[in-house]
Amino acid sequence: MSKLNEISTAVETGKTKLIAQLVQDGLDAGEKANDILNAMIDAMSIVGDLFSRGEIFVPEMLVAARAMQKGVEVLKPILAGEGSVSLGKCIIGTVSGDLHDIGKNLVSLMIASAGFDVIDLGVDVPSEKFIETIKANPDVKIIACSGLLTTTMQAMKDTVAAINACDVKGYKVMVGGAPITQAFADEIGADAYAVDAGSAAVKAKELLAGAVQ
Ligand code: B12
């Protein structure tokens, strides 16, 4: 089995104790950090499909998520790079009712490595918390909202509406997560959507430059 397959299988089967070493072995064998990350993301898609088909349940999904998080910890210093100039603040959080944070954490990591100072509000973040944090950080440049459930898309809509109605201005709102699309982002009045963590960082910089409306 190739190193990447081994890593992907270890995430899929929730090998939380083995994954850090497997990722390190992969790096030592010359695999690229991004390829390892993609192998782990692919594993999470497989886990999602198994869950959809009723072949695994929440505990298995949770243990796979823990394995992925441990694997990402090893990659973090490599993915984060060495950005030292600050482009400004970014507030990020997973919207109310939603506990998924792997994708949000990756977006946070990539945005931080692009040069932003990230204020991570965590998961299940009520819109009031976003507003309170914006008011405490009126120089914030980007607000990023994550959502993984179709049932929390309404919470994302409400959150973006609350943020857009806030009297502090001068920032842009970016949304993302598996069920979110560009069309949905447009519909709810977000300034931008990005499909993954890498493009989220690119989009954040474009927003700052005013390149995206
Ligand atoms: C792991 C997981 C869990 C874990 C989460 C642990 C954690 N710490 O995050 C646990 C076990 C807690 C969980 C619980 C549930 N889950 Co779940 N979960 C998943 C799973 C398998 C993987 C998600 C993941 O981490 N993917 C990997 C990351 C890297 O990808 P990502 O999150 O999509 O993020 C990327 C992009 O979306 C984007 N992105 C993400 N956020 C943002 C934000 C911005 C601003 C931008 C620009 C981009 C961006 O960039 C990221 C990186 O590239 C998915 C299946 C799937 N295919 O997504 C189901 C899934 C999301 N879960 C699902 C469900 C149903 C649930 C539960 C309701 C199950 C239950 N019966 O209890 C609960 C809900 C709990 C809650 N209230 O949130 C469904 C959702 C279905 C739907 N259409 O709504 C899915 C799709 C599984 C399925 N196929 O049915 N889950």
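Which protein residue is the donor to the cobalt atom of the ligand? In this predicted model, the single donor from the protein is H100. Its NE2 atom lies 2.3 Å from the cobalt. H100 sits in a loop. That loop runs between strand β1, residues 88-94, and helix α5.

The surroundings of the ligand were examined next. The ligand has 37 residues around it. Of these, S52, L99, H100, D101 and S146 come nearest. Polar contacts to the ligand involve both side-chain and backbone atoms, as three examples show. In the side chain of Q69, an N or O atom is 3.4 Å from a nitrogen atom of the ligand. T150 uses a backbone N or O atom, 2.8 Å from a ligand oxygen. A178 also places a backbone N or O atom by a ligand oxygen, at 3.4 Å.

Q69 belongs to helix α4, where it takes part in the contact with α5. Helix α4 covers residues 58-80, and helix α5 covers residues 102-113. Their axes are 11 Å apart and meet at an angle of about 5°. Angles under 35 degrees count as roughly parallel, so α4 is roughly parallel to α5. On the α4 side, the contact is made by A65, M68, Q69, V72, K76, L79 and A80. On the α5 side, I102, N105, L106, L109, M110 and S113 take part. Nine of the contact residues are nonpolar, three are polar and one is charged.

Key
Residues are numbered from 1 along each chain as its sequence is written. This is a predicted model: local features need pLDDT of at least 70, side-chain atom pairs count only at pLDDT 80 or more; totals for chains, interfaces and linings use all residues. Side-chain values use heavy atoms; hydrogens and water are left out. Axes are lines fitted to C-alpha atoms, for helices over the stretch in contact, and angles run from 0 to 180 degrees between N-to-C directions. Helices (H or I, at least four residues) and strands (E, at least two) are DSSP runs, numbered from the N terminus. Angles under 35 degrees count as roughly parallel, over 145 as roughly antiparallel, 65 to 115 as roughly perpendicular and the rest as oblique. Contact means heavy atoms within 4.5 Å. Ala, Val, Leu, Ile, Met, Phe, Trp, Tyr, Cys and Pro count as nonpolar, Asp, Glu, Lys and Arg as charged, and the others, Gly among them, as polar. A residue is near a molecule or strand if one of its heavy atoms lies within 4 Å of it. A polar contact is a pair of N or O atoms within 3.5 Å; within protein, one must be able to donate a hydrogen and the other to accept it, and residues adjacent in sequence count only if both atoms are side-chain atoms. Donors are N, O and S atoms within 2.8 Å of the metal (3.2 Å for Na, K and Ca); water is not among the atoms, so sites may look incomplete.
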